[in-house]
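Student: Hi! Could you walk me through this model before I head back to the bench?
Tutor: Happy to, let's look at it together.

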Amino acid sequence: MKIGIITFHWAANYGAVLQAYALSSYLKSKGCAVEIINYRPRWAKDVKPIPFSFHIKSCITYLDELYKRKVFDKFRKRYLPVSEKEYVNISDLSLLDGCYDIIITGSDQVFNPDIIASEGKLDTAFLLNFTMQKGKKFAYAASFGNSFLADEYDNIYKDKLQDFTAIGIREKSGLTVLKQLGLVGKWTPDPTLLLDAYDNIDIPKSNGKNYIFGLLFQVTPESSDCIRQLGQYYTNTEVLRLVTLKDRIRGIKGIWHPSPEKWVSIIKNARFVVTDSFHCTVFCILTHRPFISLALNAWGTDWSERIKSLLERVGLNDRFVASYNREDIGRIIKTEIDWKKVDEKVAEWKMEGQSFLEIYCNEAY
């Protein structure tokens with residue numbers, strides 16, 4: 001059986017490449033021939049040409065993005081079964097009709113119009129609009145990225161998704177979105193939760209350092225205070241952050257664009273993790289690292305839904321902080337996680353995800 005996967009494998013994002021690795025690896029472990037369709041639309045090009053002005057700040061940003069892209073390209077080349085041919089237009093993808101027994105869209109935010117819409121036009125490739133193989137396409141752990149879908153997209157999504165054999169959704173709120181469209185889905189775990197181990201990727205061993213890892217997209221006075229509080233609790237412990245080239249030039253200490261393997265190692269060997277990243281939270285769970293998930297929504301979006309849904313499913317709601325309070329933070333820091341109970345819930349959900357893939361791969365085939 002040959003399976004094609006379309007996802008955000010091209011993104012210079014740790015969660016994006018690791019979920020692509022996990023889904024393709026799991027399917028290969030079940031005897032499937034798997035290929036990630038190398039669809040990288042023009043709107044997804046993240047390294048912009050160096051400006052003719054050669055403005056120093058623009059040049060630094062360009063070099064930073066270029067280095068980051070090379071780090072992720074190295075991981076993709078080594079671990080992802082990406083198709084040799086690259087596609088940049090949805091019209092080109094029509095040539096793939098009949099090339100795969102099954103086509104899967106997901107995981108990641110492949111259903112999020114805030115991501116897949118460019119210049120007011122929705123890229124329906126991630127809704128599998130390029131294939132006419134009705135009954136041989138489905139979604140696995142796809143995400144809308146929000147707890148609602150704008151009315152302007154209702155008819156498009158309903159029209160494209162009704163041909164799917166099945167729709168696996170990553171967040172519980174996505175089931176409500178589907179229901180409003182008159183569709184039914186299954187709450188399925190992110191692919192990174194499907195694997196029993198990540199032994200096939202070269203994860204560096206601990207260097208013996210004692211550190212707190214702060215991975216935060218939304219840096220706020222509250223998140224900074226949380227890290228300070230952790231530093232007071234865990235004495236003689238440094239704070240480790242990821243930095244950009246601009247940060248390094250300014251003398252800010254941290255790790256400059258680690259590889260995905262190194263990123264996993266940083267989480268795995270941290271003493272404590274503070275994050276607002278969904279996939280960082282996932283790997284804290286997988287590696288039994290104590291953590292706090294800060295979901296302060298400083299950007300005014302439904303940013304926290306994916307983390308909230310994950311923690312609800314594995315029984316770790318108490319690690320979720322949506323309204324900052326120093327006393328609550330202190331309590332969480334001191335509270336040990338019952339990893340046995342968490343592992344039981346993760347194992348149950350993992351089996352549901354694996355069963356979903358087995359059922360609908362076989363049904364489509």
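**Sheets, helices and a few odd residues**

Tutor: This is a predicted model. One place to begin is an open sheet of five strands, which pair in parallel in the order 10-9-13-14-15.

Student: Which strands are at the edges there?

Tutor: Strand 10 (238-240) and strand 15 (320-321) are the edge strands, and each of them pairs on one side only.

Student: And how many bridges are there between strand 9 and strand 13?

Tutor: Four bridges, in the parallel sense, between strand 9 (residues 211-215) and strand 13 (residues 272-275). To find the spot on screen, look for G214, which stands opposite V274 in strand 13.

Student: Nice. Which strands does helix 9 touch?

Tutor: Helix 9 (residues 260-268) packs on the sheet against strand 9, strand 10 and strand 13. Its direction makes about 125° with that of strand 9. Helix 12 (residues 326-334) packs on this sheet as well, touching strand 13, strand 14 (291-294) and strand 15. For helix 12, the angle with the direction of strand 14 is about 145°.

Student: Back to helix 9 for a second. Why is it described as largely enclosed?

Tutor: Because seven of its nine residues are buried, helix 9 is largely enclosed by the rest of the structure. The buried ones are P260, E261, W263, V264, S265, I266 and I267.

Student: What about S323, is that buried or exposed?

Tutor: S323 counts as exposed, since its relative accessibility is 58% and the cut-off is over 50%. You'll find S323 in the loop between strand 15 and helix 12. Its C-alpha is 9.6 Å from that of E222, although the two residues are 101 apart in sequence.

Student: OK, new topic. What does the other sheet look like, the one with strand order 2-1-3-6-7-8?

Tutor: That one is open too, with six strands paired in parallel. Strand 2 (33-36) and strand 8 (186-187) each have a single partner strand, so one side of each is left without a neighbour in the sheet.

Student: How many bridges join strand 6 to strand 7?

Tutor: Two bridges join strand 6 (residues 137-142) to strand 7 (residues 167-169), and these strands run parallel. A139 has I167 in strand 7 as its bridge partner. On this sheet, helix 6 (residues 172-180) packs against strand 7 and strand 8, with its direction at about 140° to that of strand 7.

Student: Anything odd in strand 6?

Tutor: Yes, A141 lies in strand 6 and has a positive phi of about 50° although it is not a glycine. A141 is buried, with a relative accessible area of 0%.

Student: Which other residue has a positive phi without being a glycine?

Tutor: D108 is one, with phi at about 80°. D108 sits in the loop between strand 3 and helix 4 and is buried at 8% relative accessible area.

Student: And what kind of peptide bond joins G106 and S107?

Tutor: A cis one, with omega at about 0°. S107 belongs to the loop between strand 3 (102-105) and helix 4 (113-116).

Student: Let's do helix pairs. How are two packed helices usually described?

Tutor: By the angle between their axes and the distance between the axes. For helix 10 (residues 278-286) and helix 11 (residues 305-314), the angle is about 20° and the axes are 9 Å apart. These two helices are therefore roughly parallel to each other, and helix 10 passes helix 11 in a right-handed crossing.

Student: Which residues meet there?

Tutor: From helix 10 there are F278, T281, V282 and I285, and they meet R306, I307, L310, L311 and V314 of helix 11. By class, this contact has seven nonpolar residues, one polar and one charged.

Student: How far apart are the axes of helix 1 and helix 2?

Tutor: They are 11 Å apart, and helix 1 (residues 14-29) packs on helix 2 (residues 56-79) at an angle of about 0°. Helix 1 and helix 2 are therefore roughly parallel. Y14, V17, L18 and Y21 of helix 1 make the contact with F72, F75, R76 and Y79 of helix 2. Seven of these residues are nonpolar, none is polar and one is charged.

Key. Residues are numbered from 1 along each chain as its sequence is written. This is a predicted model: local features need pLDDT of at least 70, side-chain atom pairs count only at pLDDT 80 or more; totals for chains, interfaces and linings use all residues. Side-chain values use heavy atoms; hydrogens and water are left out. Two strands pair if DSSP finds at least two bridges between them. Contact means heavy atoms within 4.5 Å. Axes are lines fitted to C-alpha atoms, for helices over the stretch in contact, and angles run from 0 to 180 degrees between N-to-C directions. Angles under 35 degrees count as roughly parallel, over 145 as roughly antiparallel, 65 to 115 as roughly perpendicular and the rest as oblique. A crossing is left-handed if the near helix is turned anticlockwise from the far one by less than a right angle, and right-handed if clockwise. Ala, Val, Leu, Ile, Met, Phe, Trp, Tyr, Cys and Pro count as nonpolar, Asp, Glu, Lys and Arg as charged, and the others, Gly among them, as polar. Buried means under 20% relative accessible area, exposed over 50%, partly exposed in between (1.4 Å probe, protein chains only).
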